[in-house]
Amino acid sequence: MKNTVNTFREAKKNGEKLTMLTAYDYSTAKLIDEAGVNSILVGDSLGNVILGYEDTVSVTVEDMIHHGAAVARGAKNALVVIDMPFMSYQTSVYDALVNAGRLMKEGRGNAVKLEGGKEVCPQIKAITDAGIPVCAHLGMTPQSINAFGGFKVQCKTEETARKLIEDAKAVEEAGAFAVVLECVPTKLAELITKEINIPTIGIGAGAGCDGQVLVYQDMLGMFSDFTPKFVKKFANVGEVMKEAFKQYIEEVSNGTFPEEKHGYKIDEEVLKSL
Ligand code: KIV
């Protein structure tokens, strides 16, 4: 059955954990969808893990549409959430509305995600008023890496922790259907989860959140540039891939691949007539 924002609402009410994983292409989305995840996030982390940028700042609306549409074609049951990239919503409510609309119409998402608290509440309200579900994103917000001066755990002081609680309440009030909490101390994420009525989806925010999200290359051991502490490697797919690539190179080099069974036959008579 298709997961919707109602699935998220019901899960929070019933205390059921929600699962979210990133995907950026059709075949991976299909595998994740078939595994039964609630939601697929077409994260702007594609800047790092797909496009090889140092951060997510350079990702464009066109990039998100291109990858979003591929994921949407592979996701039958998962709720597809597409990230609004840097400067596609911060500039004005109008820009936010236009770009969220493009991610839905051209990217075929079921919802959009954007980073920030009180300062982006007018955008969240306008987008949700237009009938587009919005997932908020608080704590370590990678689009602001230049302001943070690096990837760090956020909200450890009383002042910043209080601001995070206020932001979580504000995005709920503005209409967000869920909020991602990234790199937030476990106890603080637990407190926020109790204080708000929309699901919290944690990444480096502990087990007290209503759900969890991970970048699939991280959890499969396919991305070695940087592995944050909160990542659990559920498999070592990177090594498996590398071994298979090596074996392919060897077999092509020594002539053991392809075998006869991998080829196509032609009638001997046709061959003779050539
Ligand atoms: O872009 C992304 O993958 C994300 C997750 C880390 C939550 O925003």
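Let me start in the middle, with helix α6. The cover over its buried residues includes α5, β4, β5 and α8. One caution before I go on: this is a predicted model.

Which residues of α6 are buried? The helix spans residues 121-129, and Cys121, Gln123, Ile124, Ala126 and Ile127 are the buried ones. After α6 comes Gly131. Its phi is positive, near 90°.

Now the elements around that helix. Take β4 and β5 as a pair. Strand β4 covers residues 111-115, and strand β5 covers residues 134-139. They pair in the parallel sense, over 4 bridges. For a landmark, look at Lys113: its bridge partner in β5 is Cys135.

Next, α8. This helix takes in residues 158-174. It lies across β5 and β6, with β6 at 178-182. Against β5, α8 runs at about 175°.

Then α5, which brings in another helix, α4. Two packed helices are described by the angle between their axes and the distance between the axes. So, the two values here. Helix α4, residues 61-74, and helix α5, residues 93-105, pack at an angle of about 25°. Their axes are 9 Å apart. With the cut-off for roughly parallel at under 35 degrees, α4 and α5 are therefore roughly parallel to each other. The crossing of α4 past α5 is right-handed.

Who meets whom in that contact? From α4 we have Val61, Glu62, Met64 and Ile65. From α5 we have Asn99, Arg102 and Leu103. By class, the residues of this contact split into 4 nonpolar, 1 polar and 2 charged.

Zoom out to the sheet. How many strands close into the barrel, and in what order? There are 8, running β1-β2-β3-β4-β5-β6-β7-β8, and the pairing is parallel. On average, neighbouring strands of this sheet are turned by 25° against each other, direction ignored.

Where does β8 find its partners? Strand β8 is residues 211-214, and 4 bridges join it to strand β1, residues 18-22. Those two run parallel. Met20 is a handy marker there, with Val213 as its bridge partner in β8. On the β7 side, 2 bridges join β8 to strand β7, residues 200-203, again in parallel. The marker here is Ile201, bridged to Gly211 in β8.

To recap. We have a barrel of 8 strands with parallel pairing. We have α4 and α5 packed with axes 9 Å apart. And we have α6, with α5, β4, β5 and α8 among the elements covering its buried residues. That's it from me.

Notes
Residues numbered from 1 in each chain as written. Predicted model: local features only at pLDDT ≥ 70, side-chain atom pairs only at ≥ 80, totals over all residues. Heavy atoms only, no water. Pairing = 2+ DSSP bridges. Axes fitted to C-alpha atoms, helices over the stretch in contact; angles between N-to-C directions. Parallel < 35°, antiparallel > 145°, perpendicular 65-115°, else oblique. Left-handed = near helix turned anticlockwise from the far one by under 90°. Contact = heavy atoms within 4.5 Å. Nonpolar A, V, L, I, M, F, W, Y, C, P; charged D, E, K, R; others polar. Buried < 20%, exposed > 50% of the residue type's maximum accessible area, 1.4 Å probe, protein only.
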